Amino acid sequence: FYDGQWQNGNRHGQGKFYHDNGQLFYDGQWQDGNAHGQGNQHDKNGQLRYNGQYQDGNRHGVFHDPSG
């Protein structure tokens, strides 16, 4: 499920999206329903897997891979 800001029926602004098991999947910025801007992606166990920029729902630019 999604918890955050909406605009015109789309995820837009700051928000969090969760896996089906309730663990956080994505925490960050949204634009027109897609991850866009700064965000963090987590696996189903809640482990941070990606920290960086998104553009139109895709990883974009410089990022930090916490797994090494």
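Two strands pair if DSSP finds at least two bridges between them. Strands (E, at least two residues) and helices (H or I, at least four residues) are DSSP runs, numbered from the N terminus. With that rule in hand, start at Gly 4, which stands opposite Gly 15 in strand 2.

This is a predicted model, in which local features need pLDDT of at least 70 and side-chain atom pairs count only at pLDDT 80 or more, while totals for chains, interfaces and linings use all residues. Residues are numbered from 1 along each chain as its sequence is written, and side-chain values use heavy atoms, with hydrogens and water left out.

Now the overall plan. The protein has zero helices and six strands. From the N terminus on, the order is β-β-β-β-β-β. The C-alpha atoms fill a box of roughly 40 × 30 × 15 Å along the principal axes. The radius of gyration is 12 Å, which agrees with the value near 11 Å for a compact globule of 68 residues. That radius is taken over C-alpha atoms, and the globule rule is 2.2 Å times the number of residues to the power 0.38. Of the 68 residues, 25% count as buried. Buried means under 20% relative accessible area, exposed means over 50%, and partly exposed lies in between (1.4 Å probe, protein chains only). Contact means heavy atoms within 4.5 Å. Among contacts between residues at least 6 apart in sequence, 3% join residues at least 24 apart.

Next, follow the strands. Strand 1 (residues 2-7) pairs with strand 2 (residues 10-18) in the antiparallel sense, over five bridges. Their hairpin has two residues between the strands, and Asn 8 there takes a positive phi near 50°. Strand 2 then pairs with strand 3, again antiparallel, over six bridges. Here Gly 15 stands opposite Gly 28 in strand 3. This hairpin has five residues between its strands, and Gly 22 in the turn has a positive phi of about 95°. Strand 3 and strand 4 also run antiparallel, joined by five bridges. Gly 28 has Gly 39 as its bridge partner in strand 4. The hairpin of strand 3 and strand 4 has two residues between the strands, with Asp 32 at a positive phi near 50°.

Gln 29 sits beside Gly 28 in sequence, in strand 3 (residues 24-31). Its relative accessible area is 34%, so Gln 29 is partly exposed. Leaving aside neighbours within four places in sequence, its contacts include Gly 13, Gln 14 and Gln 38. Gln 29 and Tyr 2 are 27 residues apart in sequence and 12 Å apart in space, C-alpha to C-alpha.

Tyr 2 leads to the aromatic rings. Rings of Phe, Tyr and Trp (its six-membered ring) pair if their centres lie within 6.5 Å; planes under 30 degrees apart count as stacked, over 60 as edge-to-face and the rest as tilted. The count comes to eight aromatic pairs. In one of them, Tyr 2 and Trp 6 are edge-to-face, 5.0 Å centre to centre with 85° between the planes. Tyr 2 is buried at 13% relative accessibility, whereas Trp 6 is exposed at 52%. The rings of Tyr 26 and Trp 30 have centres 5.0 Å apart and planes at 85°, so this pair is edge-to-face. Both Tyr 26 and Trp 30 are buried. One aromatic cluster takes in Tyr 2, Trp 6, Phe 17, Phe 25, Tyr 26, Trp 30, Tyr 50 and Tyr 54.

Move to strand 4, where Gln 41 is found. Gln 41 is buried, with a relative accessible area of 17%. Its side chain makes a polar contact with the side chain of Arg 59 (3.0 Å). A polar contact is a pair of N or O atoms within 3.5 Å; within protein, one must be able to donate a hydrogen and the other to accept it, and residues adjacent in sequence count only if both atoms are side-chain atoms. Beyond four places in sequence, Gln 41 is in contact with residues including Phe 25, Tyr 50 and Tyr 54. His 42 also belongs to strand 4 (residues 34-42). His 42 is buried at 14%. Outside its neighbours within four places, its contacts include His 19, Leu 24 and Arg 49.

Arg 49 brings in charge. Side chains of opposite charge can pair when their charged atoms come close. A salt bridge is a side-chain nitrogen of Lys or Arg within 4 Å of a carboxyl oxygen of Asp or Glu. A search of the whole structure finds one. Arg 49 forms a salt bridge with Asp 43, with the closest N and O atoms 3.0 Å apart. Arg 49 is partly exposed at 37% relative accessible area, whereas Asp 43 is buried at 18%.
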